[in-house]
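Hi everyone, thanks for making time for this. I'd like to walk you through one small model and how its helices meet. Here it is on the screen.

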Amino acid sequence: MKSLGAMIKQLEPLVGTTDLNAWEQRFVENVILRSNNGALTPRLSEKQITRIEELYAKHFGDARPA
């Protein structure tokens, strides 16, 4: 399973594309900004982590172990 930080880094190039809807764009941008402020992995709630995992799975395959 990829680390949360690796998933965020892989989602970053999708910002500004049509691959993410408007809400997803804002969410990923916010997570990236929080990551760039010194935290390798920002503090996220379980719900936010689940959403990152869902977005990663949607675009790159399942992030969770089988």
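Let me start with a cut-off, because I'll lean on it several times: a residue is called buried when its relative accessible area is under 20%. Please also keep in mind that this is a predicted model.

With that cut-off in hand, take Gln-25, which is found in helix H2, residues 22-36. Its relative accessibility is 12%, so Gln-25 counts as buried. What does Gln-25 touch, once residues up to four places away in sequence are left out? The list is Leu-14, Val-15, Gly-16, Thr-17 and Leu-20.

Now let's step back to the whole protein. The secondary structure comes to three helices and zero strands, and reading along the sequence gives the pattern α-α-α. Of the 66 residues, 30% count as buried. The accessible surface is about 4400 Å², and 52% of that surface belongs to carbon and sulfur atoms. For those of you who like contact maps: if we take contacts between residues at least 6 apart in sequence, 58% of them join residues at least 24 apart.

On to the helix pairs. The first one I'd like to show is H1, residues 4-11, with H3, residues 46-60. Their axes come within 10 Å and cross at roughly 55 degrees. Parallel, perpendicular or oblique: how do we describe H1 and H3? Roughly perpendicular begins at 65 degrees and roughly parallel means under 35, so H1 and H3 are oblique to each other. The crossing of this pair is left-handed.

Who is involved in that contact? On the H1 side we have Leu-4, Met-7, Ile-8, Gln-10 and Leu-11, and these meet Ile-49, Ile-52, Glu-53, Leu-55, Tyr-56 and Phe-60 in H3. Sorted by class, the residues of the H1 contact with H3 are nine nonpolar, one polar and one charged.

The other pair is H2 with H3. Here the angle is about 115 degrees, and the axes are 12 Å apart. H2 also passes H3 in a left-handed crossing. From H2, the contact uses Trp-23, Glu-24, Phe-27, Val-28, Val-31 and Arg-34; from H3, it uses Gln-48, Arg-51, Ile-52, Leu-55 and Lys-58. What is the class make-up of this contact of H2 with H3? We get six nonpolar, one polar and four charged residues.

One of those residues deserves a moment of its own. Glu-24 lies in helix H2, and its relative accessibility is 2%, so Glu-24 counts as buried. Which residues does Glu-24 touch, not counting those up to four places away in sequence? They are Asp-19, Arg-51, Leu-55 and Lys-58. Glu-24 and Leu-55 are 31 residues apart in sequence, while their C-alpha atoms are 8.3 Å apart in space.

Let me finish with Ser-35, which is found in helix H2 as well. Buried or exposed? With a relative accessible area of 13%, Ser-35 is buried. Its C-alpha atom is separated by 9.4 Å from the C-alpha atom of Lys-9, and the two residues are 26 apart along the chain.

That's my tour. Thanks for listening, and I'm happy to go back to any of the views.

Key
Residues numbered from 1 in each chain as written. Predicted model: local features only at pLDDT ≥ 70, side-chain atom pairs only at ≥ 80, totals over all residues. Heavy atoms only, no water. Axes fitted to C-alpha atoms, helices over the stretch in contact; angles between N-to-C directions. Helix = DSSP H or I, 4+ residues; strand = E, 2+ residues; numbered from the N terminus. Parallel < 35°, antiparallel > 145°, perpendicular 65-115°, else oblique. Left-handed = near helix turned anticlockwise from the far one by under 90°. Contact = heavy atoms within 4.5 Å. Nonpolar A, V, L, I, M, F, W, Y, C, P; charged D, E, K, R; others polar. Buried < 20%, exposed > 50% of the residue type's maximum accessible area, 1.4 Å probe, protein only. Areas by Shrake-Rupley, 256 points an atom, 1.4 Å probe, with all protein chains shown as cover.
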